[in-house]
Each structure stands twice: as structure tokens, then as C-alpha cells.
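Visitor: I would like a close look at the place where one chain meets another, taken slowly and with every term pinned down. Please begin with whatever I need to know about strands.

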Amino acid sequence: MVTAIENPGLNLDWLNLETDDEFDIKTGRKGVTLQSINQRMAGVEGVDAADARSFAPRGFEADPRSNAHARQYRDKGDVWSESAMLLYEEALQRQWSSARDIPWDTIGDQPDDIEKAMCTLCTFLTQVEFIAGDVPGRFLESVHPDFFESQLFLGTQLMDEARHLDVFRKRVLVNGGGMSPAGLGAVGLLAIDDFTEMTAILHLFAEGLVQSLFRMGELIGQNEAEKRMFRLSAQDESRHLAFGVTHTKYTVETQPWRKEELHHYLDINETVQNTQAGLTTNPITGEALAVLAGGGIEYLDEGYNLVLLMRKKQINEYYHRLQVVGLGDRIDRMAPELRELITV
Amino acid sequence: MPPLSPAQKMRAQVRNWSADLIERVVQSTATGRQVDNVLNISIAPDRVAKWLDFVEEQPDHPFAQAQFIMFEDGGETGLKPAPSEDGMRLTDVDIGSYGVVPDVWKYRNDLPRGTRPVAGLYMPAGYAIYDRAEVWADGVGDLYEDAIRDRWIPATDLDWEGREELAPEVERATGQLCAVYSSYGITEQKVISKWLEDISYGFHEVKLFLATQVYDAGRKAEALRKRSLHGSGIIGKAPLGDVCEAWYNALTYTDMIVALDVVYKSYEVTAFECAADWARSDFDRDLFARLASDSQRHLEYGLKHIEWYMRYAERADEEMPIFLAKAEGGLASELAQSPLEREALAVLYADGVERLDAGVEGLRQLREKQYHDYLRRLSEHGVNRVGEAIGILGLTTQDPLLQALNPAALVEGQAAGGSDMIRDN
């Protein structure tokens, strides 16, 4: 321990803090990660509720004069995900650049209907993707710094969604097709008012549907640029879903009384999605997907069958997520149009 | 469907539709809107005929009635952007009408710039910022692309295994300094992200850039927390946070950007760039050089934004001095009342606790450089704060250990001096 130094104008009491010789950081294959520093006094284990409503992160000794901040969740179950650290580190490792990592020159000439269909899909995606940035953006403020890893992860989601807006806009503009008229979009998601409501609606449901679509990029992408664009975006969305799944699972396990509340969020959203904003169900993007999947307007029947397959995949993957988080009983109250697509 | 209109017939001829095909279309169950939309783009006549086969053979198929709204006019077509040296950047694709950023954005939904809403499918939302002057900065799209190009990963890009061992006091000072800036990073992330939902979609470049700042701020918080713990197993004390309150309590977007990305970032960039002088290991110099590069983008956005704001916002001349004074006040309060950063820097400049006078002089020189860099940067972007900046900032260039806010200093200290300082002991 260093002793206090007497010096005019200097206090240096922070030099007297006990260091921790037992703290042992292993530099593994993945470097020094958040998991590797999550230990002892700085660790999150055993911290079930946040302390003071300040901006001082976990492990800090707060300045007692600091302002209080009322807009913070203090219960760990309200914001925590057991995967937040892992997913944050993965997000940093897997960042990509729409400017450099997409082989834009592979797009080439394509029939007008195919080009316009892709531009329509991408107009929709550039429209809605950053809503999935605006909404989490609202909740970073509310994450208590004792659980800052969840905040850091949401920061990576904002970055990912920015890149998605960007890459889909570039696809719309890069080959002469241009913007299509824009439909309803996703501003309805801005009505979300709670962190766990956000993960249920945005991650479990809405982003989940988009991710299922991205994973079928091999089917709808007509060239390597489009296939890679969807592949890389799907990888990003997988992290967002994983965060949502692990957070909701944590909430259901630690706050079981919230199950009905979660069901109710989904009751509403399944209905809304099915009637208004669904990628595969709304007429504009639904038709575009069918043209892309079928290979032109003359193959709309084949395209339609493939869109139905996509929809089935979307809903089955959604149901799988529900089972993982402990809401498998939802099968009994799911919107009938969705339930009939479940094959498990 | 009814016979084709003269205009439709003309378009059909341009599309090389034969008279037989036109007649077949007229006799089919296809609707006028379908045909009109199909005529809107170039599809080979034999493919149109096959589509008619589908419509006629499966009239009850859900997509036999497909409207093809997607073929209706949306935005400009036919543009062929070319990539620049750094790949296909936003500025490369935003050409023609897509590159026109309106002074006032007129849509209240998430409509992308360059298109129009489908009739009946327009749902407004609660965005608050529709004036370009409130958010814009020249080159903001490139700052976004630069952030992605220059990305780095604390876990694996820093040489953790080769990090040099430091003397205990120097290690603790490094850790404490990292703790202070890590804590600021957490708050920076909160503040920037909460403004995103206010910014309307016509200015998507700004939203995208801010997303990179949110990401950068998280990375700063992460990297510095790791560094702090890597050295001693403890993090240390949290700063008072008055500077963060100035960001947090800003009442307008520009007010916030002035506090965070201009006033604070100017001080931060200078401090991080000077790590070449105060950091005591190659590892720490590398770490702070990376952070300085990130913060430089945020500062550049802030400075270019106030330049734009001063040029185009009504009453900017009256507002900017208030914004700056509030922000400087928050920073000054932190510098004067939260001793952690300055004490850690003094120990680092002294390379220990044996020569603290030299350390304090190093700190004083840093404060002087921060102050002058700040005034110079503002001046380069059209704002003169010489003789106007809040007094405490000037006083710290003479006495970096100035402890408390002294009301007299607020009015007297603008000449970077004065004798009314309150000090410890």
C-alpha cells in the first residue's frame, strides 16, 4: 500500500486504496475480455440490485456529492443478460464495413422487376432498421452503471443498426433502381416504454422475423453482394436476438410474476404484425420477396410458395425463442394465423 | 380491364409490346393499376405474357392480384455511383436528388430520404428535430465512414501480455485516471443515445454518426476499465461528474453537443494526445493514442456543427455564448472540485510521488495547452471566446490545483490569472 503524501494542493487519498493481488486476468485466445475482468470486487456476481442512483459504474467508489439519477432501473432482472459480456465482445470482433466488405461490383445488370423488387425490400429495410437503434437508444440511459455490460451491448446494437440502414440504402442506390415508395415502416415500436417490453417486442419478435429473412438471403439475393449483405446482417441480428432471449429468460427466472405482462406485449404485437407491418405479409415487401424468390413477376406462384416457407420459418424460429425463454406455453394463446404455421 | 389509355398504349409501344399482347392484356382480369405499374418498368414482352398466363390460370391466387406498388415512382432512378478510394461510402451513393439534404425535413415518420410515402400508409411519430441547422455538420457522412474504417478492438488489438509493469504509485495513478475517463465514457454513451429518437429521418447521416459515437464511448469505457483492473485489480474512485451533468442537463441538441463534443472533447482530445508525455508505458501511449483518434472525430463533428449552427440557426449569435458558458461551467466545476484526474496526472507527469512539484508543473502546462487548444479550435470554426471563456478555465492554466468554484473568479478570471483562488491546505 502507498502511504498518503502531504503536498500543498494535493490530497492523493485515492493512492491509499487497497489493491487486489488476487485479481487474476488471463489473456486467452480472445484477449482480455469483459468476462476475464468480471471478478472479485469488480464482478457482477452477487449484485442483484444496484446501489446508489449515480453514474458510477460497478466497483467504483462513488463521490458522495454526485448527482442522483432517478431514471435508472435498479433491479438486475430489469436489464441484465447473462450473455451481455460475451455478445459485446463478439460484436466488436465482428464489425464490418458496408463500404469495403460488400463486393458491390458483383451486382451488375439485372431485369428491372428484380432490381426494383430488391430496391423495394431494401427501401423497407433502410426505413425500419434504425428504429431498432432509436428504441434501444432510449434505454441506455436507464441501465444502472452497476450493470453497464447491458448498456455496452446495446451500444453495439446501435452501431449494427446504423450499418444496416447504411448498407440497405447503399444497395437501393448503387445500381440505378432507386428508392421505392415507402410503406408503414416501424415507428410503432417507438411506443415501447420499458426495457423488458423492448426485448420482448423488438428482439424476440420483430428483429427475429427480420433475422429469419436475412438468413434466407441465399434465396433472395441475386448476386454475391446481396448475399453477403444479408449474411453479415443476419450475423449481427443473431447477437441482438441472443441478447433479447437471454435477458427475457433472466427476467422470467428472476421476476416470474412478469410472465403475463410479457404475454400481453406479445398478444398485441402478434396481431399488429400479422395485419400491418409484417415483412412477408404486407403487400409491398411481400410482393417484392415473391418476385425475388421466384425470379421475376412471371414466377409469382413459385415466389409465393417460397414466401410462405419464409413465413413458416419466421414463426417457428419465433416459437423456439419463446420456448427458450420459458414462454413455451404461449402456443395456447398465440394469434391463430401464426399458430397454424408452427410445425414443431 | 378497360382499354389502355393513349398514354399507356404509348408506353406499351416503347416497351415493345405487340398488338396481340396489348389485346391480351385488355381481355385479361389484370387490373388497370397492375398493368400501369408493370408498364412503369422495362420487362421483356415474353415475360409479361407469362405473367398473364399466371393471372389467368390462377385468378384466385393471392398474388394474382399483386398491385406492384414497388414499380411506382419512388425516388430518382438510373444513377450509377462509383466507389471512392475507401470503398462505397455514403457520400458516393448520395448523389443526384439523394444527396439533397433539405433545410427542413417534412416527414414525421421513418421515411428514408429520397422517396415518398405510399398513400394511406403514413404513420407519424414523435420526432422533435426537423431543422437541418439543429443537427447538421459538413462531412458528417464521412466521419461515420471514418469511424467504421478506423475501428479497433481493445480485447485483442492491445498488447496486454506485453504491458510493462509500472511502479506502484504510477500504476495506481494510471488506473485512477483510466477509471475517471471510463466513467465519463459510460455517461457519454447514455447522453448521446437518448437524443437519437428525437432526430428525424431526413438527417440519417447524423443518426449514423452518433451511433458510432455511442459505440466509441462504450469502447472507451470498456478499454479503460480493463486497463485499470489489469494493473491493480481495483478500479478506484469515481469522479464527481459535474462535467457529465452539463451534457446530461442540456436542454437542446446543440446545447448538448456544445457541452460534450466541443467543450469537453476539446479538453479530452488534448489530454489524450499529450499521453505521449504523461503515460509511462508504450501500452498506455498506444491505448490513449487510439482513444484520441476516436475523440477527434467527435470533436470534429461538434466543431463543424457549431459552425453550421452559427451560419444557419436563428438567434445562434445569442444562444451560442450561453451554450458555451454553461458547458464551460460544468467542465470548470469538474476541474476545480473533482481532484482525481488532476492528481493522477500530476503523479504521472512526475513519474511517481518523489517530484510532485514537477508533476504539478506538467499538469499546469497541460491545462494551458488544453485552454489554448480550446480557444484556437473555436476560433478556427468562427467562434471567438478569447476573453469570454469562463474564468475558472483560465485560472487553471496558472493554478491547476485550484480547488473550489470561486464566484469572484467567474467574473475576474477571464484573463487566465487572478489571485482569488482557493486551494487545499
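Guide: Two strands pair if DSSP finds at least two bridges between them, and the elements themselves are DSSP runs numbered from the N terminus, a helix being H or I over at least four residues and a strand E over at least two. This is a predicted model, in which local features need pLDDT of at least 70 and side-chain atom pairs count only at pLDDT 80 or more, while totals for chains, interfaces and linings use all residues. Residues are numbered from 1 along each chain as its sequence is written, and chains are lettered from A and ligands numbered from 1 in the order in which they are written.

With that in hand, the strands can be placed: β1(A) is joined by 2 bridges to strand β1 of chain B, residues 236-237, and the two run parallel. Within this pairing, Phe60(A) has Gly236(B) as its bridge partner in β1(B).

The strand pairing belongs to a wider meeting of the chains, in which 104 residues of chain A are in contact (C-beta atoms, placed from the backbone, within 7 Å) with 107 residues of chain B. On the chain A side, the elements that give two or more residues are α1 (34-37), β1 (60-61), α2 (84-93), α3, α4 (131-140), α5 (148-174), α10 (283-294) and α11 (300-325). The most comes from α5(A), with 14 residues. Sorted by class, this side of chain A has 52 nonpolar, 30 polar and 22 charged residues, where Ala, Val, Leu, Ile, Met, Phe, Trp, Tyr, Cys and Pro count as nonpolar, Asp, Glu, Lys and Arg as charged, and the others, Gly among them, as polar.

One of the helices on that side, α3(A), covers residues 112-128; its 17 residues reach 24 Å from the first C-alpha to the last, close to the 24 Å expected at 1.5 Å a residue, the expected span being 1.5 Å times one less than the number of residues. Of these 17 residues, 15 are buried, and α3(A) is thus mostly covered; a residue is buried if 20 or more other C-beta atoms lie within 10 Å of its own, exposed if 12 or fewer, and partly exposed in between, with C-beta atoms placed from the backbone.

As for the chain that carries these elements, chain A has 12 helices and 1 strand, and its C-alpha atoms fill a box of roughly 85 × 50 × 35 Å along the principal axes. Of its 344 residues, 56% count as buried, and among its contacts between residues at least 6 apart in sequence, 74% join residues at least 24 apart.

The helix α5(A) appears again in the packing: the largest nonpolar core, meaning a set of buried Ala, Val, Leu, Ile, Met, Phe, Trp, Tyr and Cys residues joined through C-beta atoms within 7 Å, has 242 residues, and those with the most contacts inside it are Ala259(B), Leu331(B) and Leu348(B). To this core α5(A) gives the most, with 13 residues. Leaving aside neighbours within four places in sequence, Ala259(B) is in contact with residues including Trp247(B), Tyr264(B) and Lys326(B).

Ahead of the first helix of chain A, in the segment before α1, lies Leu12(A), which has a positive phi of about 60 degrees although it is not a glycine. Leu12(A) counts as buried because 24 other C-beta atoms lie within 10 Å.

Definitions and conventions: Two residues are in contact if their C-beta atoms, placed from the backbone, lie within 7 Å.
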